[in-house]
Amino acid sequence: MSDGGVAHRQAGEIGVTATPEDLRLFARVRARDRDAFEALYRLYHPRLARFLLNLLHRPQLVEEVLNDTLFVVWERSDTFRGASKLSTWIFAIAYRKAMKALRRLDEPVEDADVDLRPSNEAAPDEPLNQRRAQAALLAALARLSADHRAVVDLTYFHEMGYREIAEIMNCPVDTVKTRMFHARRHLRRIMDGELADWL
Amino acid sequence: MGRILPFTGDPHRETRDLMPWLVSGRLDPDEQARVEAHLAACQECSRELAAERELAGAVAELPIATGIGWAAMRDRLDAAARQTSPTALQPARPRFTLRQIGLFMAAQAALLAAAISITARVATPVAPYHALGAAPSTAVGNVIVVFRPDVRESEMRRLLKGSEARLVDGPTAANAYVLRVPQAERAAALSQLRNDAAVVLAEPLDAAALQ
């Protein structure tokens, strides 16, 4: 049976968890269709870039990890069984690659010395308060651990449910909820302080 | 069948824990019904929900790694304008912190990646902003490069001369520059640029292939 045939058979079995569009595209990827892979690459590149930037906070690593991730998607496409959404599978690979890259660096994940505040000069075309509030939020995000940042990012930016996030991060759902709770408390404290200062 | 399953533990805590996914509409119907039923009866949790919406909105609206962005971008634009002004050739002030440079580079890389993946039309200037003189250039670039935001003009000059590159266009919207290098020397020039600490990114551009 061809690779494409296998993928089509899976599509019938797992329609609930993976979207039909995902499966159609991925069936072609499994059949080693380079054009389909390029389409998938372009589809996931922006989302993964954002996720990895927020997770790694090291732009020089992002492209490397991103391409490592999508190379695995290409090389190991036969291992996607469709038990999860395609995006969950791909984000899980990206998360593992990113954490491995951070461990390889052997340096603290958190930025203890965060210097994100912009200059105090007011930009004529941007409200000062908004700029300060955003800088404060980014600084607060930078103080979180990579795991906490990943949960925040996947929830707020990528709008994933906690079960999907648990699958990506390979941890219990309660861990996701707890990380999210602590992250929110931390961010709220910073945001409230910033607003109190400026309103 | 339609009965709402009660919370198994403390309803405050469960509501509080599930709130982010209530806001994003990612709870399953049972969970959502439970949380909403509790919210209807609990003022404290309702207030908490309002705060959660505010936080989720604020975080979701953060531009990609550019919270510090505009101030740094403005400085970069100013520096680029100074570098190209014959009356004010002076190195950029070293006012970036390492952190700012990192985030700035992230924003640049993301913007550039987007620019390249959407369209790689080389001959058409990408940016509405030009600081390289009014005459439109007819030269076609074959290399795109992004320098570190704090790189000095003298370093850029050294790099361009060292790789026999001519500046064709830039800075683009992503603060990239389009260069023209002798085709036969391009691989060597790219390698030289990529190995230089002042360069964030150097990639080949092929106009002919895009026509």
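**Secondary structure and nonpolar cores**

In chain B, the order of elements from the N terminus is α-α-α-α-α-β-α-β-β-α-β-α. The model described here is predicted. Chain B thereby comprises eight helices and four strands. Of its 211 residues, 36% are buried. Among the contacts in chain B with a separation of 6 or more, 74% involve residues 24 or more positions apart.

The largest nonpolar core contains 61 residues, and A:Leu52, A:Ala94 and A:Leu137 have the most contacts inside it. Helix α3 of chain A (residues 34-56) supplies the largest share of this core, with nine residues. When neighbours within four places in sequence are left aside, the contacts of A:Leu52 are A:Val62, A:Val65, A:Leu66, A:Ala94 and A:Ala98. A second core, separate from this one, consists of 22 residues, including B:Val146, B:Met156, B:Ala165 and B:Ala189.

The packing of α3(A) against helix α4 of chain A (residues 59-75) was also examined. The two axes come within 9 Å and cross at roughly 140°. This angle falls short of the range over 145 degrees that counts as roughly antiparallel, and α3(A) is therefore oblique to α4(A). The crossing of α3(A) past α4(A) is right-handed. On the side of α3(A), the contact is made by A:Phe37, A:Tyr41, A:Tyr44, A:His45, A:Leu48, A:Ala49, A:Leu52, A:Leu53 and A:Leu56. The contributing residues of α4(A) are A:Pro59, A:Leu61, A:Val62, A:Val65, A:Leu66, A:Thr69, A:Leu70 and A:Trp74. By class, the residues of this contact comprise 15 nonpolar, two polar and no charged.

How values were computed: Residues numbered from 1 in each chain as written. Chains lettered and ligands numbered in written order. Predicted model: local features only at pLDDT ≥ 70, side-chain atom pairs only at ≥ 80, totals over all residues. Helix = DSSP H or I, 4+ residues; strand = E, 2+ residues; numbered from the N terminus. Buried ≥ 20, exposed ≤ 12 C-beta atoms within 10 Å, placed from the backbone. Contact = placed C-beta atoms within 7 Å. Core = buried A, V, L, I, M, F, W, Y, C linked by C-beta atoms within 7 Å. Axes fitted to C-alpha atoms, helices over the stretch in contact; angles between N-to-C directions. Parallel < 35°, antiparallel > 145°, perpendicular 65-115°, else oblique. Left-handed = near helix turned anticlockwise from the far one by under 90°. Nonpolar A, V, L, I, M, F, W, Y, C, P; charged D, E, K, R; others polar.
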